[in-house]
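Student: I would like to learn how to read a sheet and a pair of chains in a model; could you take me through one?

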There are 2 protein chains.
Amino acid sequence: MTERPGTASEIVVSVDAMGGDRGPVAVVGGMAKSAAVNPGIRFLLHGDAAVLEPMLRKRPALAALTELRPASGMVAMDERPSHALRHARGTSMWNSIDAVARGEAQVAVSCGNTGALMAIASLRLRRAEGISRPAIAVLWPSRNAAGHNIVLDVGADVRADAASLVQFAIMGAEYARLGLGLERPRVGLLNVGIEEHKGNSDRQEAHHRLNALAGAPDARFVYRGFVEGGDITGNSVDVIVTDGFTGNIALKTAEGTAKLIGEFLSEAFRATPLARIAALFAYGSLRRLKKRIDPRRVNGGVFLGLNGAVVKSHGSADATGVAAALKLAFRMGKAGFAGKLAARVASGQPAQNGTLGHPAGLGKGA
Amino acid sequence: MTERPGTASEIVVSVDAMGGDRGPVAVVGGMAKSAAVNPGIRFLLHGDAAVLEPMLRKRPALAALTELRPASGMVAMDERPSHALRHARGTSMWNSIDAVARGEAQVAVSCGNTGALMAIASLRLRRAEGISRPAIAVLWPSRNAAGHNIVLDVGADVRADAASLVQFAIMGAEYARLGLGLERPRVGLLNVGIEEHKGNSDRQEAHHRLNALAGAPDARFVYRGFVEGGDITGNSVDVIVTDGFTGNIALKTAEGTAKLIGEFLSEAFRATPLARIAALFAYGSLRRLKKRIDPRRVNGGVFLGLNGAVVKSHGSADATGVAAALKLAFRMGKAGFAGKLAARVASGQPAQNGTLGHPAGLGKGA
């Protein structure tokens, strides 16, 4: 294709083809799935042309929506962010972010090295006004009416001081307003107990500041105080705030637990002849359940606090996982999410209308 | 009963009847379940005699195995540990630990305030030789042959410096040798990535020290380096070491995830008439699955690093959960676990034989 994508109602997603544990096969596979169900999506695809061109040739429908942008290098999954920053220029990851910085795409997606992606995004897109530390937010399956809670930070930074935790609460609440369509999201601060005296001094201070903030007459969120790990999947709050270290460990622990139970479930239905018959009878219900607890279907960490939208897909994502991340990116692009969030955090003005489409669908499936 | 319990092959468990969210009903209910399946178990029961006496009268079989020790006060679930330490003398929690310190019981069990229990246990039982910080270890359902991994610390202390993390590794490995019957347990240090540069300086330093320790020719464990949240349920390591803050959050997040999926599962089998028929066919398999993912069935945090055995049951445990904690306590008492662990950590001598009975059964069910 020759024309520049992104005109009129089209949303251009800038995709890093080379990141992730499964490489370009998963990424291009996910793009094909995504192209089939998200009308108006277009792609800038950054990576090794010798690898990507044959893949696109086999998928003419996808190729028609995609502009291949050859990039010679790539950022390794185990590279230190500081090293990547110095050497990443010209890599597929750098270029995928760069296209957003230049206004050629509305949103970037990468399955690559999270630390490097955040470092590059922070450098090229810069922090939004008033934000001292960006965060990565994820949608988490929960008992809430919307079907998800929002958890942040899940890995932008291993540390978070009191001021950062307060900013995460504000950004998370804005994401919940836009992403889940909630008027006054309920925010909780993750801790090892709900009692006032629990946790370290940063949590204590953030707790007091959030109580004060949420007590203001024009408060844009409700502060519910300390919450525990079990509340992440519950319906007592909509937004769970924590530092990137605990958030990352909680996220991966939950994914591991869901995977283990999924395996136990499959075993249970192979255990006896009766169970195998039952599995046939319950086929539809079990398939829906499997989808519901499949971590791949809620894939995509959103970088909050930058002047531009970036979605970090899980490094081990397969085509289904990548498609979920692309869907989230597409919806964010359509909603002009990053700009709205930055403006709102900066101004503290009341929300405008408009959410990221149907809340329950956000970030789910292809 | 008049005779002093704990003679010959009997194991005396000292039980705090008043702790926990559900109070004495759950505790005494759990004792009744436990008494029925653990021959040789006897109880010292500490708490409000006016409440407990009628309960025991209704259960003559249990009453015959139980010595009621009236205690006037109790430690509240939200009490600060420092406050509890000053005011706990004579409470049911204090007395339950005190009986172990006096040698009247082999092991104490409480569903109460974790911080207060640890503070009282540290004061009355004292830290074992060479231990700077005790830890709480739990058995975690996993893909391992033994059916469980061991995770510590899950909440004894919100902080852990490098030296403490190294001690947790040593204690966790000893617990795995005794509790899971593993000759050379594989130990991993929980982090936000497996790459060498990840995590804070304490993890970095602990990582280097553990590499050195495990490299010795007489090493009693294998060190597998950094692991992630997903490895807690996996089979790449047997022991996962972390600080009490992240350990507690991971534990509660996993419990919440298991609970949510269990609810989804029940819904799936009520969704359609066919699914309801299937549920009948798969009744046995589903029941076993439900048991397998039921967090109550693996209940009991073991305090490691003290001169005496203490099992902390989940605060929200019902009778089934309390029974699981009592079973774990019974097996620990039988194995003389606390003394052996203290001796081994202090001496660094090779292990003697003997494990806590059948590995896969440890801590499971009533």
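Tutor: In chain B an open sheet of eleven strands, with mixed pairing, runs in the order E3-E2-E1-E4-E11-E10-E5-E6-E9-E7-E8. Strands (E, at least two residues) and helices (H or I, at least four residues) are DSSP runs numbered from the N terminus, and two strands pair if DSSP finds at least two bridges between them. This is a predicted model, in which local features need pLDDT of at least 70 and side-chain atom pairs count only at pLDDT 80 or more, whereas totals for chains, interfaces and linings use all residues. Residues are numbered from 1 along each chain as its sequence is written, with chains lettered from A and ligands numbered from 1 in the order in which they are written.

Student: Which strands of chain B stand at the edges?

Tutor: They are E3 (66-70) and E8 (222-227) of chain B, and because each has a single partner strand, one side of each is left without a neighbour in the sheet.

Student: Which strand pairs with E5 of chain B in the antiparallel sense?

Tutor: Strand E5 (residues 135-141) pairs with strand E10 (residues 301-304) of chain B over three bridges, and Ala137(B) stands opposite Val302(B).

Student: How are two copies of a chain related?

Tutor: Two copies are related by a rotation about an axis and a shift along it. Here a turn of 180° and a shift of 0.0 Å along the axis lay chain B on chain A with an RMSD of 0.1 Å (least squares on the C-alpha atoms of residues with pLDDT of at least 70 in both). The two copies are therefore related as by a two-fold rotation axis, and in chain B the C-alpha nearest that axis belongs to Ala278(B), 2.2 Å from it.
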